[in-house]
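The exercises below are to be worked with the sequence and the model side by side. Each task is followed by a stepwise solution.

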Amino acid sequence: MAEPILKVSNIETYYGPIMAIRGVSFDVPQGGIVTILGANGAGKTTVLKTICGVMDPQKGSVAFEGREIQRTDPDKVMRLGISHVPEGREVFPFLTVRENLRMGAYTRRDPDGVAQDMSTVFGYFPVLKERADQRAGSLSGGEQQMLAISRALMARPKVMLLDEPSLGLSPKLVLEIFDIVTRINRERGVTILLVEQNANMALKVADYGYVLEVGRIVMADTCARLMEKDDIKEFYLGIK
Ligand code: ATP
């Protein structure tokens with residue numbers, strides 16, 4: 001089997017004395033969509049923060065394209081090709097939509113490519129084009145999520161880490177966002193690691209899923225098989 005683009009091995013991550021991640025391992029294959037599911041507080045966000053360098057694991061490793069990157073600065077991780085879309089969007093509220101998108105491309109030295117990618121994201125989310133010169137803080141929650149994903153895309157990442165993109169959005173918007181995430185994966189070949197509480201939706205778009213419970217992986221299988229198992233759905237994922 002080909003080497004996974006991202007390989008997380010036995011990481012342990014702490015908040016002070018609190019062990020939030022208790023020896024987590026998983027692989028993300030090149031070009032795939034992998035989801036990490038779990039309840040509030042299970043440790044999903046902490047796993048993403050450990051991969052993108054915002055937090056340092058006390059043990060274990062994170063390998064990207066075969067190279068260990070744990071304890072690397074977030075800025076450097078981003079330059080290597082991993083973009084993080086944090087929970088709660090975190091767009092720059094006082095900058096316009098266009099300025100936010102330019103910030104996403106700040107490491108690039110190919111203005112033609114940047115312009116091309118700007119029109120690609122405007123194609124994915126036409127509302128952002130309409131609002132290009134408005135301050136990001138004036139956008140709705142859904143539009144800010146679209147902007148956060150688009151800004152991450154502007155770095156031309158190889159891997160995108162998405163933290164609960166569906167949080168607080170209407171069912172219609174959730175469908176729209178997931179549809180674009182699937183297109184980003186298929187059309188642009190971006191590998192996706194998706195963290196979600198909305199298991200129903202995540203299992204539909206991802207190929208493979210890991211279930212996290214109190215800092216440990218308790219289940220790992222293809223999404224097709226995870227969806228078939230009623231007890232797992234009810235027990236771990238809250239789907240009836
Ligand atoms: P959520 O969906 O609420 O974001 P999550 O699965 O992403 O949940 P994490 O945010 O990764 O979970 O949190 C994992 C554990 O670490 C939880 O027990 C949480 O209380 C704890 N934790 C998270 N952030 C901190 C912090 N800044 N200080 C101390 N403990 C924290």
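The model is predicted, and twelve salt bridges are found in the structure.

**Exercise 1.** Determine where the partners of the Lys-44 and Glu-164 salt bridge lie in the chain, and classify both residues by burial.

*Solution.*
1. The two side chains meet at 3.8 Å, N to O; the cut-off for a salt bridge is 4 Å.
2. Lys-44 belongs to helix α1, whereas Glu-164 sits in the loop between β7 and α7. With their positions 120 residues apart, the pair links distant parts of the chain.
3. Both partners are buried.
4. To place α1 further: this helix, residues 44-52, lies across β1, β2 and β4 and runs at about 110° to β1.

**Exercise 2.** Describe the sheet that contains β1 and β4.

*Solution.*
1. Four strands in the order β2-β1-β4-β5 make up an open sheet with antiparallel pairing.
2. β2 (18-28) and β5 (67-68) are the edge strands, each pairing on one side only.
3. Between β1 (residues 6-15) and β4 (residues 59-64) there are five bridges. Val-8 has Val-62 in β4 as its bridge partner.

**Exercise 3.** Assign burial classes to Arg-156 and Asp-117, then find the network to which their salt bridge belongs.

*Solution.*
1. The side chains of Arg-156 and Asp-117 meet at 2.8 Å, N to O.
2. Arg-156 is in the loop between α6 and β7 and Asp-117 is in helix α4, 39 residues apart.
3. The relative accessibility of Arg-156 is 41%, so this residue counts as partly exposed. Asp-117 has 2% and therefore counts as buried.
4. A further salt bridge, also 2.8 Å from N to O, joins Glu-187 and Arg-183. These two residues lie in helix α7, four residues apart, or about one turn of the helix.
5. Through shared partners, salt bridges connect Arg-108, Asp-110, Asp-117, Arg-156 and Arg-188 into one network.

**Exercise 4.** Check the span of α6 against its expected value, and decide whether this helix is largely enclosed or not.

*Solution.*
1. α6 covers residues 141-153, 13 residues in total. From first C-alpha to last it reaches 18 Å, close to the 18 Å expected at 1.5 Å a residue.
2. Twelve of the 13 residues are buried, so α6 is largely enclosed by the rest of the structure. Among the buried residues are Glu-143, Met-146, Ile-149 and Arg-151.
3. The buried residues of α6 pack against the helices α3, α4, α5 and α7 and against β6 and β7.

Key: Residues numbered from 1 in each chain as written. Predicted model: local features only at pLDDT ≥ 70, side-chain atom pairs only at ≥ 80, totals over all residues. Heavy atoms only, no water. Expected span 1.5 Å × (residues − 1). Buried < 20%, exposed > 50% of the residue type's maximum accessible area, 1.4 Å probe, protein only. Contact = heavy atoms within 4.5 Å. Pairing = 2+ DSSP bridges. Axes fitted to C-alpha atoms, helices over the stretch in contact; angles between N-to-C directions.
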